[in-house]
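Please look through the sequence and the three-dimensional model below before reading on. The report that follows is meant to be read alongside them, one part of the fold at a time.

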Amino acid sequence: MDTLNYISVLERSLKAHIRLNPCADEPQNWKLDIQLFYQGHPAGTTSFNLHGYTREEAEQVARTVKDNQFMMREIDEYLWGESD
């Protein structure tokens, strides 16, 4: 399987290039790389490991990052740190 690429608006000024890569030696494991852009400028890169996902499930996660509360919280903490 080839790498899948998505572009997504996560929040008003925050966009992401999302890349889903299969693990060659582990068929139900995936690496989800997210390159972030804030107001059109590179803001960093983060990634998530998806273990035990089918291809369809991993693709669904990649397509719906902005709806995933856990991932969005991790992205916010990565970009802005804890604001408490």
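The text below moves from the confidence of the model to its sheet, then to a helix and one of its residues, and finally to the salt bridges.

**Confidence.** This is a predicted model, and the protein chain has an average pLDDT of 92, with 95% of the residues scoring at least 70. Among the elements of the chain, the highest mean pLDDT, 96, belongs to strand β2 (residues 14-23), while the lowest, 92, belongs to helix α2 (residues 69-80).

**The sheet.** Four strands form an open sheet in the order β1-β2-β3-β4, and their pairing is antiparallel. At the edges stand β1 (4-11) and β4 (41-51), each of which pairs on one side only. On average, neighbouring strands of this sheet are turned by 25° against each other, when direction is ignored.

The pairing of strand β3 (residues 26-38) with β4 can be followed in some detail, since it is antiparallel and extends over ten bridges. Within this pairing, Leu32 has Phe48 of β4 as its bridge partner, and Asn29 stands opposite His51, which also belongs to β4. The hairpin of β3 and β4 has two residues between the strands, and in this hairpin Gln39 takes a positive phi near 50°.

**Helix α2 and Met71.** Helix α2 lies across β1, β2, β3 and β4, and its direction makes an angle of about 140° with that of β4. Met71 is placed in this helix, which leads to a question about its surroundings: is Met71 buried or exposed? Its relative accessibility is 4%, and because buried means under 20% relative accessible area, Met71 counts as buried.

The contacts of Met71 add to this picture, for when residues up to four places away in sequence are not counted, Met71 touches Leu32, Phe48, Leu50, Val61 and Val65. Two of these, Leu32 and Phe48, are the bridge partners already met in the pairing of β3 with β4. By way of contrast, the C-alpha atoms of Met71 and Pro42, which are 29 residues apart along the chain, are separated by 19 Å.

**Salt bridges.** How many salt bridges does a search of the whole structure find? The search finds three, and they are listed here with the separation of their N and O atoms.

| Salt bridge | N to O distance |
|---|---|
| Lys31 and Asp33 | 3.6 Å |
| Arg55 and Glu59 | 2.8 Å |
| Arg63 and Glu59 | 3.3 Å |

In the bridge between Lys31 and Asp33 it is the side chains that meet, and Lys31 is partly exposed, with a relative accessible area of 35%.

The other bridges involve helix α1 (residues 55-63), where Arg55 and Glu59 both lie, four residues apart, or about one turn of the helix. Arg63 and Glu59 are likewise four residues apart in helix α1, so that about one helical turn separates them. Salt bridges that share partners join Arg55, Glu59 and Arg63 into one network.

The members of this network can also be described by their accessibility. Arg55 is partly exposed, with a relative accessible area of 41%, and Arg63 is partly exposed as well, with a value of 44%. Glu59, by contrast, has a relative accessibility of 10% and therefore counts as buried.

Technical notes
Residues are numbered from 1 along each chain as its sequence is written. This is a predicted model: local features need pLDDT of at least 70, side-chain atom pairs count only at pLDDT 80 or more; totals for chains, interfaces and linings use all residues. Side-chain values use heavy atoms; hydrogens and water are left out. pLDDT is the predictor's confidence in each residue, from 0 to 100. Buried means under 20% relative accessible area, exposed over 50%, partly exposed in between (1.4 Å probe, protein chains only). Contact means heavy atoms within 4.5 Å. Two strands pair if DSSP finds at least two bridges between them. Axes are lines fitted to C-alpha atoms, for helices over the stretch in contact, and angles run from 0 to 180 degrees between N-to-C directions. A salt bridge is a side-chain nitrogen of Lys or Arg within 4 Å of a carboxyl oxygen of Asp or Glu.
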